[in-house]
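Please open the model in your viewer and keep the selection tool at hand, since each stop on this tour begins with something to pick out. The stops go from the sheet to a charged pair and then to the core.

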Amino acid sequence: MCFPFLASTDKSSSVTAPLSQLKMYSFMGGGLFCAIVGNILLVVSTATDYWMQYRLSGNYAHQGLWRYCMSNKCYMQTDSIAYWNATRAFMILSGMSCFAGIIAGIMSFTHFSSFERFNRSFAAGIMFFISTFFVLLAMAIYTGVTVNFLGKRFGDWRFSWSYILGWVAMLMTFFAGIFYICTYRMCERRRGTGPR
């Protein structure tokens, strides 16, 4: 990890070292906050039944990735439809990648000498970008099929809040990745200018 306390007699470097360290911790804290919120939103979005709302035979209905509900009764989606399976799989993979990134991000705050060659900030950033990619695939697949197939089947329909949470989760994981990659870049810059 790249947070050594630099002992230096130069006043300017002794002032800038704590400031740059504070900035790195701020980036990591912001990234960790975005990642935790993103992971919660991924779980809620994947588990809830409000990806799409529509009217069927005059009745209000809504559906998620696992169930569909009509007339205040919910039923499991037993059909093995490829786009649902793909969306489910990518949402689950996204949540798992985000969780792995959170673990790596938390470890970034610690100083384990056994991980000196392995930069946890970089690993966390990459995991958050992988999570972003998976949720983007899931949302793109669901959006494409819904607009081109289900949207034509149901006249009065709209996307609902579970679907919107998926897009918000994607933004949160993306910003978490940005924060951690910025931390990594600051780490590398500091390591390059540090005493040898």
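Begin with the strands of this predicted model, where you will find an open sheet of five strands in the order 4-3-2-1-5, paired in the antiparallel sense. Select strand 4 (73-76) and strand 5 (157-159), which stand at the edges and have a single partner strand each, so that one side of each is left without a neighbour in the sheet. On average, neighbouring strands of this sheet are turned by 20° against each other, if direction is ignored.

Keep strand 5 selected and add strand 1, because these two strands pair in the antiparallel sense over three bridges. If you click on Met-52, you can look across to its bridge partner in strand 5, which is Phe-159.

Now select Arg-67 and Asp-49, which form a salt bridge whose closest N and O atoms are 2.5 Å apart. Arg-67 lies in strand 3 (residues 67-70), while Asp-49 lies in the loop between helix 1 (11-47) and strand 1 (52-56), so the pair ties together parts that are 18 residues apart in sequence. Is each partner buried or exposed? Arg-67 counts as partly exposed at 32% relative accessibility, whereas Asp-49, at 7%, counts as buried.

For the last stop, turn to the largest nonpolar core, which has 31 residues, and select Trp-51, Met-91, Phe-128 and Tyr-142, the residues with the most contacts inside it. Helix 1, strand 1, helix 2 (82-108), helix 3 (120-153) and helix 4 (161-193) are the elements that give two or more residues to this core. Finally, centre the view on Phe-128, whose contacts, leaving aside neighbours within four places in sequence, include Ala-35, Cys-98, Ile-102 and Tyr-180.

Note on methods: Residues are numbered from 1 along each chain as its sequence is written. This is a predicted model: local features need pLDDT of at least 70, side-chain atom pairs count only at pLDDT 80 or more; totals for chains, interfaces and linings use all residues. Side-chain values use heavy atoms; hydrogens and water are left out. A salt bridge is a side-chain nitrogen of Lys or Arg within 4 Å of a carboxyl oxygen of Asp or Glu. Helices (H or I, at least four residues) and strands (E, at least two) are DSSP runs, numbered from the N terminus. Buried means under 20% relative accessible area, exposed over 50%, partly exposed in between (1.4 Å probe, protein chains only). A nonpolar core is a set of buried Ala, Val, Leu, Ile, Met, Phe, Trp, Tyr and Cys residues joined through side-chain atoms within 4.5 Å. Contact means heavy atoms within 4.5 Å. Axes are lines fitted to C-alpha atoms, for helices over the stretch in contact, and angles run from 0 to 180 degrees between N-to-C directions.
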